[in-house]
Amino acid sequence: MAQIKVSLTKCNNYEPVNVRSALLRHFNLHGGIGAFIARGDKVLIKPNMIAPKPASCATQTDPAVIVELAKILLDFGAKPLVADSPAWANAAACAEALGILEPLKKLGVPVKQLRRPVKRTLEHSGAKIGISSVALEADKIINLPKFKTHQQLVMTIAVKNIFGCVSGKAKAIWHYRMGATCDDFCTMLIDIYKLLAPVLTIVDAVIVMEGPGPINGNPRKLGWLIASVDPIAVELVCCDLIGISPEQLPLVKTARRIGFGCTNKQDIQIIGDSLPADMPVRLVPAELTPLRFAPARVVKSILRQIFILVKSGHRS
């Protein structure tokens with residue numbers, strides 16, 4: 001069985017020239033951009049845009065990573081768009097906080113809200129969940145998550161980011177419906193990831209979040225971009241970078257149970273830069289809270305999202 005390749009590139013800051021170089025190196029290490037994207041493809045760049053906080057907070061995927069990836073795709077001849085369905089705002093507000101609305105507009109790259117849900121049946125639970133038609137209609141998806149601690153799942157790295165393709169406050173409802181156990185919730189996340197099948201995951205781990213993530217933690221320098229076609233292999237390598245066992249991540253345990261992705265480090269080939277030989281960076285963990293949102297929180301969250309979207313006029 002061929003080993004799964006995970007590429008590592010050192011990237012010590014978010015200077016655009018450094019980010020662009022690191023992103024291009026990732027593509028080259030995996031056989032070139034043409035191995036994933038065809039010219040003319042409509043490519044959804046799916047960053048982590050969760051709340052309208054600036055890049056300095058490390059709450060969202062860094063603007064340099066988003067913009068430089070968009071430029072690379074344009075140069076290749078693809079048609080990129082940037083989209084998400086943030087839990088605590090809309091995509092335009094989150095993009096504005098990051099300062100990417102104008103740069104992307106000048107490039108002709110739209111920023112869209114992941115809305116207009118279409119029901120899709122999940123593989124394991126049989127649940128019918130509303131997935132944004134914006135995501136479903138893209139020819140390809142590149143998953144661009146931020147590496148953060150998470151108060152419910154220990155860490156959020158690759159797989160969880162695609163939950164953003166569930167439109168609007170339906171995410172809060174699914175936290176309630178599937179939040180009885182971590183295994184149920186993680187099975188749902190994996191099923192959504194499999195359904196949308198991003199062609200590549202590139203993790204922004206230059207500055208990561210520690211403490212009470214995924215929104216209110218603190219930034220911490222790590223200095224890496226990590227990429228693979230296999231999101232679980234990415235999560236295993238990220239665990240090595242911060243010195244924790246993959247067994248601490250509920251999502252990895254569920255992936256192993258249902259046979260999704262590469263769950264054995266022996267089956268991973270590191271390409272690009274090597275894992276650091278010195279002690280890993282130890283992140284301050286998040287204090288864990290229940291996955292299942294209380295009904296009152298779900299209702300409050302839905303009403304807030306309706307207000308935000310009406311006020312914004314569905315900017316997308």
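## Exercises on pockets, packing and unusual bonds

The largest pocket holds about 560 Å³ of space. Keep in mind, as you work, that this is a predicted model.

**Exercise 1. Find which residues lie nearest the centre of the largest pocket, and which helix gives the most to its lining.**

Step 1. Start with the lining, which counts 32 residues. Nearest the centre are Ile-50, Ala-87, Trp-88, Lys-160 and Pro-214.

Step 2. Now look for elements that give two or more residues to this lining: they are strand 8 (146–150), helix 6 and helix 10 (295–312). Helix 6 gives the most, with 3 residues.

Step 3. Sort the lining by class, and you get 12 nonpolar, 13 polar and 7 charged residues.

**Exercise 2. Locate the largest cavity and describe its lining.**

Step 1. A search of the whole structure for cavities of 30 Å³ or more turns up 1. About 40 Å³ of space lies in the largest cavity.

Step 2. Its lining includes the run Leu-153, then Met-155, Thr-156, Ile-157, Ala-158, Val-159 and Lys-160. Glu-235, Leu-249 and Leu-251 also line the cavity.

Step 3. By class, this lining has 7 nonpolar, 1 polar and 2 charged residues.

Step 4. Compare your lists: Lys-160 lines the largest cavity, and Lys-160 is also among the residues nearest the centre of the largest pocket.

**Exercise 3. Work out how helix 7 packs against helix 6 and against helix 9.**

Step 1. Take helix 6 (residues 170–178) and helix 7 (residues 182–196): they pack at about 135°, and their axes are 8 Å apart. Helix 6 is therefore oblique to helix 7, as 135° falls neither in the range of 65 to 115 degrees nor over 145.

Step 2. Find the residues that touch. Helix 6 offers Trp-174, His-175 and Met-178, while helix 7 brings Asp-184, Phe-185 and Met-188. These divide into 4 nonpolar, 1 polar and 1 charged.

Step 3. Turn to helix 9 (residues 250–258), which packs with helix 7 at an angle of about 75°, the axes being 9 Å apart. An angle between 65 and 115 degrees counts as roughly perpendicular, so helix 7 is roughly perpendicular to helix 9.

Step 4. On the helix 7 side of this contact you will find Cys-182, Asp-183, Cys-186, Thr-187, Leu-189 and Ile-190. They meet Pro-250, Leu-251, Thr-254, Ala-255, Arg-257 and Ile-258 of helix 9. The contact comprises 8 nonpolar, 2 polar and 2 charged residues. You have met Leu-251 before, in the lining of the largest cavity.

**Exercise 4. Identify the salt-bridge partner of Lys-140 and say where both residues sit.**

Step 1. Recall that side chains of opposite charge can pair when their charged atoms come close. In the whole structure, 12 salt bridges are found.

Step 2. The partner of Lys-140 is Asp-41, with the closest N and O atoms 2.8 Å apart. That lies within the 4 Å cut-off.

Step 3. Lys-140 belongs to strand 7 (residues 140–144), and Asp-41 to the loop between helix 1 (16–29) and strand 2 (42–47). The pair links distant parts of the chain, 99 residues apart.

**Exercise 5. Pick out the cis peptide bond and a non-glycine residue with a positive phi.**

Step 1. Most residues other than glycine have a negative phi, and most peptide bonds are trans.

Step 2. Gly-213 and Pro-214 are joined by a cis peptide bond, with omega about 15°. Pro-214 is in the loop between strand 10 (200–210) and strand 11 (218–228).

Step 3. Ala-58, though not a glycine, has a positive phi of about 60°. Look for Ala-58 in the loop between strand 2 and helix 2 (63–76).

Terms used: Residues numbered from 1 in each chain as written. Predicted model: local features only at pLDDT ≥ 70, side-chain atom pairs only at ≥ 80, totals over all residues. Heavy atoms only, no water. Axes fitted to C-alpha atoms, helices over the stretch in contact; angles between N-to-C directions. Helix = DSSP H or I, 4+ residues; strand = E, 2+ residues; numbered from the N terminus. Parallel < 35°, antiparallel > 145°, perpendicular 65-115°, else oblique. Contact = heavy atoms within 4.5 Å. Nonpolar A, V, L, I, M, F, W, Y, C, P; charged D, E, K, R; others polar. 1 Å grid on protein atoms, 1.4 Å probe; cavity = no way out; pocket = protein on both sides within 12 Å on 5 of 7 lines; lining within 4 Å. Points joined across faces, edges and corners; volume = space filled by probe spheres on them. Salt bridge = Lys/Arg side-chain N within 4 Å of Asp/Glu carboxyl O.
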